[in-house]
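I opened this entry to keep track of what I looked up, item by item. The sequence and structure come first.

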Amino acid sequence: GQYVVSTSLPVALRVAYTAHCVYPELVDLDVLEDFHQRFIDDIYANHDIDLDQLQFILTPGMMA
């Protein structure tokens, strides 16, 4: 299947999300999303951004 990874992400996070799509058994999505949330919290400390409301990967099932 084909996946779409958001291009609005910083490059390192795009690579990490792509790695999850290719190797889901090696790159745990929950760990990745926790890291991403900490990254957002550090960079945008004055904003309340909840990543649970956003999609960064479109899966084949979502595009069907």
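My notes below go from the whole chain to the helix pair, the core and then single residues.

**Whole chain**

I worked from a predicted model, not an experimental one. I counted elements first and found three helices and two strands in the protein chain. Read from the N terminus, their order is β-α-α-β-α. I then looked up burial: of the 64 residues in the protein chain, 22% are buried. I also checked how far along the sequence the contacts reach. Taking the contacts with a separation of 6 or more, 44% join residues 24 or more positions apart.

**Helix pair H1 and H2**

I looked at H1, residues 11–22, against H2, residues 29–43. Their axes come within 10 Å and cross at roughly 165 degrees. Angles over 145 degrees count as roughly antiparallel, so H1 is roughly antiparallel to H2. I noted the hand of the crossing as left-handed.

Which residues make the contact between H1 and H2? From H1 I listed Leu13, Ala16, Tyr17 and His20. From H2 I listed Leu29, Leu32, Glu33, Phe35, His36 and Phe39. Sorted by class, this contact has seven nonpolar, two polar and one charged residues.

**Nonpolar core**

I next pulled up the largest nonpolar core, which has ten residues in all. Its members are Val5, Leu9, Leu13, Tyr17, Cys21, Leu32, Ile40, Leu51, Phe56 and Ile57. H1 and H2 each supply at least two residues of this core. The most comes from H1, which gives three residues.

I followed one core member, Val5, outward. Setting aside neighbours within four places in sequence, Val5 is in contact with Arg14, Tyr17, Thr18, Cys21 and Phe56. Tyr17, Cys21 and Phe56 are also on my list for the core.

**His36**

Is His36 buried or exposed? His36 sits in helix H2. Its relative accessibility is 2%, and the cut-off for buried is under 20%, so His36 counts as buried. Without its neighbours within four places in sequence, His36 is in contact with Leu9, Leu13, Tyr17, Leu51 and Phe56. I found these five names, Leu9, Leu13, Tyr17, Leu51 and Phe56, again in the list of core residues.

**Gln37**

I moved one place on to Gln37, which lies in helix H2. Gln37 counts as buried because its relative accessibility is 18%. I checked its distance to Leu51: the two are 14 residues apart in sequence and 6.5 Å apart in space, C-alpha to C-alpha. Leu51 is one of the core residues noted above.

**Ser8**

Last I looked up Ser8, in the loop between strand S1 (4–5) and H1. With 62% relative accessibility, Ser8 counts as exposed. What separates Ser8 and Phe56 in sequence and in space? I read 48 residues in sequence and 8.7 Å in space, C-alpha to C-alpha, between Ser8 and Phe56. Phe56 is in the core list and among the contacts of both Val5 and His36.

Terms used: Residues numbered from 1 in each chain as written. Predicted model: local features only at pLDDT ≥ 70, side-chain atom pairs only at ≥ 80, totals over all residues. Heavy atoms only, no water. Axes fitted to C-alpha atoms, helices over the stretch in contact; angles between N-to-C directions. Helix = DSSP H or I, 4+ residues; strand = E, 2+ residues; numbered from the N terminus. Parallel < 35°, antiparallel > 145°, perpendicular 65-115°, else oblique. Left-handed = near helix turned anticlockwise from the far one by under 90°. Contact = heavy atoms within 4.5 Å. Nonpolar A, V, L, I, M, F, W, Y, C, P; charged D, E, K, R; others polar. Buried < 20%, exposed > 50% of the residue type's maximum accessible area, 1.4 Å probe, protein only. Core = buried A, V, L, I, M, F, W, Y, C linked by side-chain atoms within 4.5 Å.
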